[in-house]
Amino acid sequence: MPTILGIESTCDETAASVVVDGVRVLSNVIATQVELHARYRGVVPEIASRAHIENILPVLREGLRDAGIELNQLDAVAVAHRPGLIGSLLVGVTAAKTLAWAIGKPLIAVDHVQAHLYSVMLTETADSPAPPSPKFPAVGLVCSGGHTALYAVNSWRDVRLIGATIDDAVGEAYDKVAATLGLEYPGGPIIDRRASNGDPKRFRFPRTRLGRESLDFSFSGLKTAVLYHVKGVPGKPLREAPPDETEIDDIAAGFQAACVDVLVEKIKRAIREVGAKSVIVGGGVSANRGLRAALAGLHLPVHFPFVKYCTDNAAMCAGLAAVHLANGETAPLDLDAVTYSRIERSE
Ligand code: KG4
Ligand code: ZN
C-alpha cells in the first residue's frame, strides 16, 4: 500500500496530492493561476513559471498537511516531468528531485497525458469507494486546453497514440470562441453553461472529419467559422450589431454540438480500430456536460474522472506513479523536464 506524494506543474496549476495505493486520494491541493493569465486570455509561460516558484513550497506543505501525512511516511515522490511548458516543468521537477533526495525515497517520473487517462481511477474522497477499473483494450481520449488525442490503452503502462489534433486543441477552441463572444477566460465551463440554454440547431458550424478513416482532429476551421459569424466575413460588410444574449447562447450551443459530434465520431472510429471494451476520457474538456451526455449513448462503458480531476491536478500523477513503482520504474535524480509526451504514434 504505497503512500505517494505527487507534484504537478506542467502548465498553469501548481498542485500537490497524497494518494495511497494508487487510488485513494488523501489530499488534492491546486493553486490555480487563472487570474494571472485571464487578462491575456491564455497562459503566458514566463508568468506561469514565476508563479510556480512562489506557490510550490506552500502547496507541498498544504498537500501533506491536508493528508495528515509526515514526510517520513511517504514511500515515493512523483512528478509530471512531461509534456508541458519548460519553465513550469522545471519547478516541479526540481522540487520533486530535491525532496526525494532529502528523504531518501524513490523519485517517479510520470507523463502528464498518461496521468489524465489514469484520473478515472481516483476516489472522490479519502473514504469513498474506488471507481470501477476500465476493461482493456480501451480507447482513451485526452481533451484539454493543450491536448486533443486518442490512444489505444492496453494497460496503464501500454498506451499508444492513434490520433491527434493537427491544429488547435479542443479546449483552446473553447477558450478562443469564448473570447470572440466576449465571455470570460477560461471559456470552456462558460460555453458549456451557455450552450445548455441555447438552440444547437439555429446555427450549423462545420464538422472537420479529415477523411473517412482518420482519427486526427482539426478545430481551427470551426473556430474561424464562429469568428466570421460574430465579426463578419473579411471583404463583406460587417454585421451591424454584436450578438445579443440569446444569440450568444445559440452560438455556444451550435459550437458545442459541432465539437461533441466530432469527438464522438472519432471515438466510435477508434473503438472499431482498437476493438475496445471500454472508453476512458480525461482532461479539462472531459468535464463538459454535452460530451458526457453524448457519450452516455455509446454501447460500451465510458469512464470519466470526477469533475475535480478533469483539469490539471497532482492526484492523477501520484496515482499513476503507484503503477510505475509496482513495476520497479523509478527515475534517476538527474531526471529531465521534457516538453513533449512520451507516448508516440507507432505505425
Ligand atoms: O486539463 P486542463 O486543466 O489543462 C491542460 O492540460 O490543457 O484543461 C483546461 C481546458 C481549458 O481550455 C478549459 O476551457 C477547458 O479545459 N474546460 C472545458 C470545461 N471545463 C474546462 N471545456 C469545455 N467544457 C467544460 N465544462
Ligand atoms: Zn492537462
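**A zinc site, a bound ligand and aromatic pairs in a predicted model**

His112 and His116 sit 4 residues apart in helix 4 (residues 112–118), a spacing of about one turn of the helix. The structure described here is a predicted model, and these two histidines are a good place to start a tour of it. Both take part in holding the zinc ion (ligand 2), to which His112 and His116 each contribute their NE2 atom. Asp312 joins them through OD, and the coordinating distances run from 2.1 to 2.2 Å. Along the sequence, the donor residues follow the spacing H-x3-H-x195-D, with the two histidines placed in helix 4.

The geometry around the metal deserves a closer look. The zinc ion (ligand 2) has 4 donor atoms, and the angles they subtend span 91 to 139 degrees. For four donors to count as tetrahedral, all angles must lie between 85 and 135 degrees; the range of 91 to 139 degrees therefore makes the arrangement irregular. As a point of reference, the ideal angle for four tetrahedral donors is 109.5 degrees. The two histidines are also shielded by the protein. His112 has a relative accessible area of 2% and is buried, and His116 is buried as well, with a relative accessibility of 0%.

Asp312 leads on to the second bound molecule. Besides its role as a donor to the zinc ion (ligand 2), Asp312 has a polar backbone atom 3.1 Å from an oxygen atom of ligand 1. Two glycines make comparable backbone approaches to this ligand. For Gly284, a backbone N or O atom lies 3.1 Å from an oxygen atom of ligand 1, and for Gly171 the corresponding separation is 3.2 Å. On its own, ligand 1 would expose 560 Å², and the protein buries 90% of that area. The surroundings of ligand 1 comprise 20 residues, of which the closest are Gly145, Gly146, Asp175, Asp192 and Asn288.

Attention now turns to the aromatic side chains. Across the whole structure, 5 aromatic pairs are found. One of them is formed by Phe136 and Trp156, whose ring centres lie 5.3 Å apart with 90 degrees between the planes, an edge-to-face arrangement. This pair bridges distant parts of the chain: Phe136 belongs to the loop between helix 4 and strand 6 (138–143), while Trp156, 20 residues away, belongs to the loop between strand 7 (148–155) and strand 8 (158–164). The two partners differ in their exposure, since Phe136 is partly exposed at a relative accessible area of 25%, whereas Trp156, at 10%, counts as buried. Another pair involves Phe203 and Phe205, with ring centres 6.5 Å apart; the planes meet at 40 degrees, so this pair is tilted. Both Phe203 and Phe205 are buried. Phe136 and Trp156 are also part of an aromatic cluster, together with Tyr118.

Phe136 has a further feature in the backbone. The peptide bond joining Phe136 to Pro137 is cis, with omega at about 0 degrees, and Pro137 lies in the loop between helix 4 and strand 6. A cis peptide bond also runs from Arg82 to Pro83, where omega is near -20 degrees. Pro83 is found in the loop between strand 4 (76–82) and helix 3 (86–103).

Two residues stand out for their backbone angles. Asp21, a residue other than glycine, has a positive phi near 60 degrees. Its place is the loop between strand 2 (13–20) and strand 3 (24–32), and Asp21 is partly exposed, with a relative accessible area of 40%. Arg41, likewise not a glycine, has a positive phi near 55 degrees. Arg41 lies in the loop between helix 1 (34–38) and helix 2 (45–67) and is partly exposed at 37% relative accessibility.

The last stop is helix 3, which contains Gly92. With a relative accessibility of 0%, Gly92 is buried. Its C-alpha atom is separated by 5.3 Å from that of Ser9, although Gly92 and Ser9 are 83 residues apart along the chain.

Note on methods. Residues numbered from 1 in each chain as written. Chains lettered and ligands numbered in written order. Predicted model: local features only at pLDDT ≥ 70, side-chain atom pairs only at ≥ 80, totals over all residues. Heavy atoms only, no water. Donors = N, O, S within 2.8 Å, 3.2 Å for Na, K, Ca; no water. Tetrahedral: all angles 85-135°; square planar, octahedral: opposite > 155°, others 65-115°. Buried < 20%, exposed > 50% of the residue type's maximum accessible area, 1.4 Å probe, protein only. Near = heavy atom within 4 Å. Polar contact = N/O pair within 3.5 Å; in protein donor to acceptor, adjacent residues only side chain to side chain. Areas by Shrake-Rupley, 256 points an atom, 1.4 Å probe, with all protein chains shown as cover. Phe/Tyr/Trp six-rings, centres within 6.5 Å; stacked < 30°, edge-to-face > 60°.
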